[in-house]
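Visitor: I would like to learn how to read a few features of a structure. Could we start with pockets?
Guide: Yes, with the model in view.

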Amino acid sequence: MAKQTRTNVMRVLDQKKVSYTAHTYESTGAISGTEVAAALGQDEKQVFKTLVTTSHSRQHYVFMVPVNGGLDLKKAARATGEKSVEMIKEKELLPLTGYVHGGCSPIGMKKPFPTFIDASAAECETIMFSAGKIGYQIQTGLDELSKALEFTLADVKTE
């Protein structure tokens with residue numbers, strides 16, 4: 001059997017003794033989150049995408065929202081206490097986080113940023129998110145995730 005690739009995210013989770021399941025899917029590049037959910041046979045409500053924003057005060061924030069929705073920038077700004085937030089430009093993602101579009105994880109970024117997970121995650125037994133590499137996903141519960149990531153639950157997704 002081929003040795004499974006360990007991503008940096010998996011190494012961080014192992015180090016923090018987080019219980020998780022790793023999933024892989026075939027991909028020739030970045031695909032939409034709904035395509036990832038379909039490829040893994042998962043409910044779109046429990047597969048989350050990681051979005052990075054910047055604020056008027058130049059602070060960066062990370063948001064995790066279900067792949068079947070988007071980030072409501074007004075709700076996101078309210079959650080952070082900022083006047084406004086906007087998505088960072090794709091070309092800024094790699095230098096800022098160390099991740100590429102389609103493989104961005106809230107864990108293991110170059111530096112930690114305040115992270116908000118949509119409140120709907122609390123209704124899921126487990127959630128899935130990128131393991132930091134296209135084709136790799138992590139599945140874990142919020143209690144386990146909190147061992148490796150400081151986050152706030154907030155209503156930030158579009159309706």
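Guide: Begin with the chemistry of a lining: by class, twelve residues around the largest pocket are nonpolar, nine are polar and three are charged. Keep in mind that this is a predicted model.

Visitor: What is the volume of the largest pocket, and which residues are closest to its centre?
Guide: Its volume is about 490 Å³. The lining of the largest pocket consists of 24 residues, and Lys49, Thr50, Leu51, His101 and Gly102 are the closest to the centre.

Visitor: Which element gives the most to the lining of the largest pocket?
Guide: Strand E2 does, with five residues. At least two lining residues come from each of helix H2 (33-40), strand E2 (48-55) and helix H4 (90-97).

Visitor: How does the second largest pocket read?
Guide: In the same order of steps. The second largest pocket has a volume of about 320 Å³. Its lining has 18 residues, and those closest to the centre are Pro106, Pro112, Ala148, Leu149 and Glu150. By class, that lining holds twelve nonpolar, three polar and three charged residues.

Visitor: Now salt bridges. How many are there?
Guide: The general idea is a side-chain nitrogen of Lys or Arg within 4 Å of a carboxyl oxygen of Asp or Glu. By this rule the model has five salt bridges.

Visitor: Which residue forms a salt bridge with Arg6?
Guide: Asp14 does, and the closest N and O atoms of the pair are 2.2 Å apart. The pair counts as a salt bridge because 2.2 Å is within the 4 Å limit.

Visitor: Are Arg6 and Asp14 buried, exposed or partly exposed?
Guide: For that, read the relative accessible area: under 20% is buried, over 50% is exposed, and values in between are partly exposed. Arg6 has 31%, so Arg6 is partly exposed. Asp14, at 37%, is also partly exposed.

Visitor: What does Lys147 pair with?
Guide: Lys147 forms a salt bridge with Glu144, with 3.0 Å between the closest N and O atoms. Lys147 is partly exposed because its relative accessible area is 43%. Glu144 has 22%, so Glu144 falls in the partly exposed class as well.

Visitor: Where in the chain do the partners Asp155 and Lys75 lie?
Guide: Start with the contact: the side chains of Asp155 and Lys75 meet in a salt bridge of 3.4 Å, N to O. This pair links distant parts of the chain, since Asp155 is in the segment after strand E8 (152-154) and Lys75 is in helix H3 (residues 73-80), 80 residues apart.

Visitor: Are Asp155 and Lys75 buried or partly exposed?
Guide: Asp155 is partly exposed at 44% relative accessibility, whereas Lys75 is buried at 14%.

Visitor: Which residues are joined into one network by shared salt-bridge partners?
Guide: Lys75, Asp155 and Glu159 are.

Visitor: Last, a single residue. Where is Ser120 found?
Guide: Place the residue among the elements, then read its accessibility and its neighbours. Ser120 is in the loop between strand E5 (115-118) and strand E6 (127-130). Ser120 counts as buried because its relative accessibility is 14%, under the 20% limit.

Visitor: Which residues does Ser120 touch, and what does its side chain join in a polar contact?
Guide: The side chain of Ser120 makes a polar contact of 2.7 Å with the side chain of Asp118. Leaving out residues up to four places away in sequence, Ser120 touches Phe48, Pro66 and Lys157.

Terms used:
Residues numbered from 1 in each chain as written. Predicted model: local features only at pLDDT ≥ 70, side-chain atom pairs only at ≥ 80, totals over all residues. Heavy atoms only, no water. Helix = DSSP H or I, 4+ residues; strand = E, 2+ residues; numbered from the N terminus. Buried < 20%, exposed > 50% of the residue type's maximum accessible area, 1.4 Å probe, protein only. Polar contact = N/O pair within 3.5 Å; in protein donor to acceptor, adjacent residues only side chain to side chain. Contact = heavy atoms within 4.5 Å. 1 Å grid on protein atoms, 1.4 Å probe; cavity = no way out; pocket = protein on both sides within 12 Å on 5 of 7 lines; lining within 4 Å. Points joined across faces, edges and corners; volume = space filled by probe spheres on them. Nonpolar A, V, L, I, M, F, W, Y, C, P; charged D, E, K, R; others polar.
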